[in-house]
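Here is a short briefing for a first look. The points are grouped by topic.

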Amino acid sequence: MEKEITDKIKLLEEKYALMGQDLNSYLDGLLLSNYLTYWDYTQVDTLLTLQKPKTDFPDELIFIIYHQITELYFKLSLHEMEQIAHNGRNILPNGMDKGWKDKIDAIYLSERVGRVNRYFEALTKSFEIMINGMEKEQFLRYRMALLPASGFQSAQYRMIEIACTDFINLVDKDVREEHVTKKSDLNDMFKFIYWNKGATELVTGKKTLTLEQFEKKYSAKFLQMANEYSTKNIWQKYQSLTEGEKQDPKLINALKELDVNVNINWPLVHYKSAARYLGAKDGDVPATGGTNWQKYLPPRFQKRIFYPQLWTDQEKEQWGKSWVDTNVFR
Ligand code: HEM
């Protein structure tokens, strides 16, 4: 037998012996097992059963699939954020997972934040599929069959925010200072979470059904996550670095890009789609959630900022006006 193969068998023997396993039995299993196929690995057949439009309008398929694509990118983003929160995996050369690392380093942090930036850039760029890729007439009809569901109810979108920043930065900007002074706990802050403002009925001023359902399903989960991430969100991980590492310009830039990608660029293209389909000269079409979307969605009104410490007062003042993007990164 070739030496290369005998060496590998030796390594395998060591690997299995370490866990008290008998290599011979595993080799039997290998002899019997089938070759892997693309369709089994990717579960493509199942994946393609998950698009279930509510109407016969052909363009509804675009709407549903693009939301699913977005959720998958959100999942990839959260996958990186979970690893960042735990300092990264310790994988041995033989492929064995030895659990989380004890400490994060600046290069790892900036590379992983860079991955999330690429996901958001892909989403921002591809949002044209929503803005220009559907017939307005069809959209305005089929959306009525989707009431009161809204992208507002995307839990992963909020989880990304919780994993990126200290919770106080997600409190409605008009009462944020007050909560800093009072040193409020997470439950207090959650009562004033920024997104409540985007889910108030225009006519009655009451919480929308969209929000009520969202809270019922996810509030406890969000609070639990906020608690867990209060010490391991991306900003806290950055804070845990040495003073020298914190000055790394690549890392600082990656964090600022993340702030702009999640809090300006994506919200702006998303807002553009609302303006295309719901905006009208003779008065806007109410959103499916019945909200004040014109006042709520534009980033310049919300001023959600993950890393206020990294921006100047002027940059914060100009938040969401095209100035930030063109002046900071180009
Ligand atoms: C034609 C395309 C779209 C239109 C017209 C649209 C419209 C809206 C509107 C009006 C709102 C405000 C809440 C409400 O009243 O429902 C909203 C919120 C939201 N939508 Fe969309 N949307 C579109 C596509 C998407 C897609 C593809 C996603 C991806 C998941 C998405 C995710 C969200 C999120 C996360 C919010 C909450 C934003 C925040 O709280 O700042 N939307 N959308």
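Donors are N, O and S atoms within 2.8 Å of the metal (3.2 Å for Na, K and Ca); water is not among the atoms, so sites may look incomplete. By that rule, H270 is the only protein donor of the ligand's iron atom, through NE2 at 2.1 Å. This is a predicted model, in which local features need pLDDT of at least 70, side-chain atom pairs count only at pLDDT 80 or more, and totals for chains, interfaces and linings use all residues. Residues are numbered from 1 along each chain as its sequence is written, and side-chain values use heavy atoms, with hydrogens and water left out.

**Domains and the iron donor**

- The chain's domain assignment gives domain 1 (3-34) and domain 2 (55-329); such bounds come from an automatic or database domain assignment.
- The C-alpha centres of domain 1 and domain 2 are 46 Å apart.
- The iron donor H270 sits in helix α15. Helices (H or I, at least four residues) and strands (E, at least two) are DSSP runs, numbered from the N terminus.

**Helix α9**

- Helix α9 covers residues 155-164, and ten of its ten residues are buried. Buried means under 20% relative accessible area, exposed over 50%, and partly exposed in between (1.4 Å probe, protein chains only).
- Among the buried residues of α9 are Y157, R158, E161 and C164.
- What do the buried residues of α9 pack against? Their partners are α5 (60-85), α6 (106-126), α12 (209-229), α13 (234-239), α15 (249-278) and α16 (293-296).

**The loop before α9**

- The peptide bond from L147 to P148 is cis, with omega near -10°.
- P148 lies in the loop between α8 (136-142) and α9.
- Q153 lies in the loop between α8 and α9 as well.
- Q153 is buried, at a relative accessible area of 19%.
- Setting aside neighbours within four places in sequence, Q153 is in contact (heavy atoms within 4.5 Å) with P148, T210, Q213, F214 and Y218.

**Positive phi angles**

- Most residues other than glycine have a negative phi, and most peptide bonds are trans.
- N87 is not a glycine, yet its phi is positive, at about 75°.
- N87 is found in the loop between α5 and β1 (89-91).
- Is N87 buried or exposed? N87 is buried, with a relative accessible area of 10%.
- K303 also has a positive phi, near 50°. K303 belongs to the loop between α17 (299-302) and α18 (313-317).

**Cavities**

- On a 1 Å grid over the protein atoms alone, a cavity is a set of points where a 1.4 Å probe fits but cannot get out; lining residues have an atom within 4 Å of a point.
- Grid points are joined across faces, edges and corners, and a volume is the space filled by probe spheres set on the points.
- How many cavities of 30 Å³ or more does the whole structure hold? The search finds two.
- The largest cavity has about 40 Å³ of space. Its lining is I162, T165, D166, F167, A226, Y229, S230 and N233.
- That lining has four nonpolar, three polar and one charged residue. Ala, Val, Leu, Ile, Met, Phe, Trp, Tyr, Cys and Pro count as nonpolar, Asp, Glu, Lys and Arg as charged, and the others, Gly among them, as polar.
- The second largest cavity also has about 40 Å³ of space. F190, I193, W195, N196, F214, E215, S219 and F222 line the second largest cavity.
- Helix α12 gives the largest share of that second lining, four residues. The second lining divides into five nonpolar, two polar and one charged.

Key
1 Å grid on protein atoms, 1.4 Å probe; cavity = no way out; pocket = protein on both sides within 12 Å on 5 of 7 lines; lining within 4 Å.
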